[in-house]
Number of protein chains: 2
Amino acid sequence: MIMKMANSRSLHARVVGEIGESIVSGVLRPGDALLGEAQLAAQMEVSRTILREALKVLAAKGLIETRQKTGMRVRDARFWNHLDPDVLSWRCASMPTEDFVGKLVEMRAIIEPAACMAAARRRDAAQLEAIGAALDAMEDAPDLDAWAEADLRFHEAVLTATNNELLSSLFSVIETSLATFFVMSARTAKNFKYSLPQHRAVYEAIRRRRPNEAAEAMRAMIDDSRTNMRKPSRK
Amino acid sequence: MIMKMANSRSLHARVVGEIGESIVSGVLRPGDALLGEAQLAAQMEVSRTILREALKVLAAKGLIETRQKTGMRVRDARFWNHLDPDVLSWRCASMPTEDFVGKLVEMRAIIEPAACMAAARRRDAAQLEAIGAALDAMEDAPDLDAWAEADLRFHEAVLTATNNELLSSLFSVIETSLATFFVMSARTAKNFKYSLPQHRAVYEAIRRRRPNEAAEAMRAMIDDSRTNMRKPSRK
DNA sequence: AGAGCATATTTGTCCGACAATTGACAAGCT
DNA sequence: AGCTTGTCAATTGTCGGACAAATATGCTCT
């Protein structure tokens with residue numbers, strides 16, 4: 001009686017997740033040798049075929065390297081695709097370090113104001129509408145979950161409105177940063193809409209096609225959330 | 001007599017490259033259905049096992065999705081991991097469009113000044129030394145190839161000096177952008193060192209720990225390279 | 001002791017088989 | 001007729017075994 005239903009994902013997805021998380025979270029350190037394919041497959045209770053599919057995916061993300069006879073080793077962190085959505089989420093699976101949260105916020109502070117500027121210049125009507133719809137959903141959000149969902153949609157819509165898919169691909173970073181922020185500030189669930197005016201300011205600046213104002217409004221919003229995240233550690 | 005040596009890479013790497021490039025370059029359009037695994041494997045002259053390893057990697061990059069019974073389809077471009085080093089390089093394999101080059105430069109203009117600022121604040125002695133070494137190599141470069149190699153190292157060293165691995169992971173974008181620039185400006189191979197003073201200015205600002213000066217110097221350098229890239233199309 | 005060789009171990013590749021999923025179609029019921 | 005239901009078939013998902021290729025290790029011979 002095996003309870004495989006723990007994760008409904010396909011087998012190889014489960015294996016990728018387990019090993020990937022072990023590596024990114026530091027259980028397996030760079031330079032460590034993974035046991036051979038055969039033993040690893042047995043330990044995970046999958047066939048070698050499936051394990052190898054998973055290993056190829058991890059290798060594509062830069063997490064491991066494999067050479068014949070020597071076996072597989074965890075690569076040094078500087079080779080990892082840190083921007084890969086999976087790598088990011090694995091990194092936050094076990095409560096992210098304060099250090100990492102700081103790096104996420106730094107990325108937001110670099111990306112989002114610049115994205116607002118680009119969006120204010122190049123957004124079309126439909127893209128503005130998408131941002132507005134997210135803003136409305138934030139305003140009508142009955143609880144923190146609904147707010148969080150709409151908030152993510154807002155920031156994604158802004159990225160999309162830049163019409164630069166390289167920029168919008170960075171949404172996974174913003175997503176991870178915001179998700180972390182939500183769990184860290186869950187206790188202050190009472191007035192979770194406090195940042196609505198700031199979001200509205202961003203929307204208005206983009207609507208009126210004012211790049212500098214949009215960037216400035218976004219910068220203010222990020223600064224604000226930065227200080228709000230420091231509060232818990234101050235107590 | 002099969003000439004497999006065309007690409008010395010392993011089989012699955014070759015398959016990943018071929019299919020990935022077909023998708024990213026537009027030969028296969030989003031929504032297109034790939035033939036079944038069996039036929040595809042036969043067409044590529046590899047076993048289904050190898051093909052499947054390749055497909056999993058492509059799926060991990062967001063390029064394809066696979067469902068039972070339906071088969072495999074190319075996903076919409078908005079799901080692609082545009083920042084994945086492989087995806088970036090595939091995109092430039094067949095002469096990148098002017099539109100894409102513009103997006104690459106926009107990314108540089110966002111990332112690198114911010115990175116210079118962070119590097120000026122947080123770099124340690126060894127990281128400064130790495131930047132300086134790359135600068136020296138640029139100065140001593142005998143030809144364009146040596147210059148290009150040192151130039152890449154310079155920008156990578158700056159990214160590394162930010163001590164934010166998320167930021168340094170964006171090097172693949174800068175790398176692609178610079179590589180494109182080198183091939184587009186190959187004709188002006190005579191005075192290929194014209195940007196040396198600008199690089200030196202960046203180095204000096206980082207050495208003296210002047211964030212704003214460093215960012216400004218980098219901005220000037222990017223603006224300059226932007227105009228130099230427009231020249232060919234002006235004629 | 002050093003160079004070269006034999007060997008064993010590990011990954012790379014291939015094959016054939018069966019299970020699971022699910023779109024499509026046909027049959028039957030209301 | 002329209003809807004439901006059940007069967008079928010096509011495709012991916014998973015498995016195990018087999019052999020090839022590469023190479024670290026240790027042995028042998030000089």
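**A predicted protein–DNA model: chains A and B with strands C and D**

A:Ala77 has a relative accessible area of 28% and is therefore partly exposed. The model in which this residue is found is a predicted one. A:Ala77 sits in the loop that joins strand S3 (71-74) to helix H4 (85-93) of chain A. When neighbours within four places in sequence are set aside, the contacts of A:Ala77 are A:Pro30 and A:His82. A second residue, A:Tyr194, is 117 residues away from A:Ala77 along the chain, and the two C-alpha atoms are separated by 38 Å.

That separation can be placed against the overall dimensions of the chain. The C-alpha trace of chain A spans about 60 × 40 × 35 Å along its principal axes. Its secondary structure comprises eleven helices and three strands, which follow one another from the N terminus in the order α-β-α-α-β-β-α-α-α-α-α-α-α-α. Chain A has 235 residues, of which 48% count as buried. The area that chain A exposes is about 11900 Å², with 52% of it supplied by carbon and sulfur atoms. If one takes the contacts in chain A between residues at least 6 apart in sequence, 72% of them join residues at least 24 apart.

A:Tyr194 appears again in the surroundings of A:Ser225, a residue of helix H11 (residues 211-234) of chain A. A:Ser225 counts as buried because its relative accessibility is 10%, and the limit for that class is under 20%. Beyond the residues up to four places away in sequence, A:Ser225 touches A:Arg108, A:Phe181 and A:Tyr194. The side chain of A:Ser225 also has a polar atom 3.0 Å from the backbone oxygen of A:Ile222.

Nonpolar side chains tend to be buried together in soluble globular proteins. In the present model, the largest nonpolar core has 100 residues. The members that touch the most others are A:Phe154, A:Leu170, A:Ile206, B:Phe154, B:Leu170 and B:Ile206. B:Leu170 illustrates how this core draws on both chains: apart from residues up to four places away in sequence, B:Leu170 touches A:Leu83, A:Met107 and A:Leu170 as well as B:Leu83 and B:Ile111.

Chain B also offers an example of a residue with intermediate accessibility. B:Ser89 is located in helix H4 (residues 85-93) of chain B and counts as partly exposed because its relative accessibility is 39%. B:Ser89 and B:Ser172 are 83 residues apart in sequence, yet 8.8 Å separates them in space, C-alpha to C-alpha.

The description now turns to the DNA, beginning with strand C. This strand is surrounded by 22 residues, and the closest are A:Arg48, A:Arg52, B:Leu11, B:Arg67 and B:Gln68. The side chain of A:Arg48 places an N or O atom 2.8 Å from a base oxygen of DNA strand C. For A:Arg52, a polar side-chain atom is 2.8 Å from a phosphate oxygen of the strand. Chain B takes part through B:Ser47, which has a polar backbone atom 3.2 Å from a phosphate oxygen of DNA strand C. The elements giving two or more residues to this surface are H3, strand S2 (64-67) and S3 of chain A, together with H3 of chain B. By residue class, the surface near DNA strand C divides into four nonpolar, nine polar and nine charged residues. Among the atoms of DNA strand C within 4 Å of the protein, 67% belong to sugar or phosphate and the rest to bases.

Strand D likewise has 22 residues around it, and A:Leu11, A:Gln68, B:Arg48, B:Arg52 and B:Gln68 come nearest. Two of its base atoms may be followed into chain A. A base nitrogen of DNA strand D is 3.3 Å from an N or O atom in the side chain of A:Arg48, and a base oxygen is 3.3 Å from an N or O atom in the side chain of A:Thr49. From chain B, the side chain of B:Gln68 has an N or O atom 3.0 Å from a sugar or linking oxygen of DNA strand D. At least two residues each are supplied to the surface near DNA strand D by helix H3 (48-60) of chain A and by helix H3 (48-60), strand S2 (64-67) and strand S3 (71-74) of chain B. The residues of this surface comprise four nonpolar, nine polar and nine charged. Of the atoms of DNA strand D within 4 Å of the protein, sugar or phosphate accounts for 69%, and bases for the rest.

Key: Residues numbered from 1 in each chain as written. Chains lettered and ligands numbered in written order. Predicted model: local features only at pLDDT ≥ 70, side-chain atom pairs only at ≥ 80, totals over all residues. Heavy atoms only, no water. Near = heavy atom within 4 Å. Polar contact = N/O pair within 3.5 Å; in protein donor to acceptor, adjacent residues only side chain to side chain. Helix = DSSP H or I, 4+ residues; strand = E, 2+ residues; numbered from the N terminus. Nonpolar A, V, L, I, M, F, W, Y, C, P; charged D, E, K, R; others polar. Core = buried A, V, L, I, M, F, W, Y, C linked by side-chain atoms within 4.5 Å. Buried < 20%, exposed > 50% of the residue type's maximum accessible area, 1.4 Å probe, protein only. Contact = heavy atoms within 4.5 Å. Areas by Shrake-Rupley, 256 points an atom, 1.4 Å probe, with all protein chains shown as cover.
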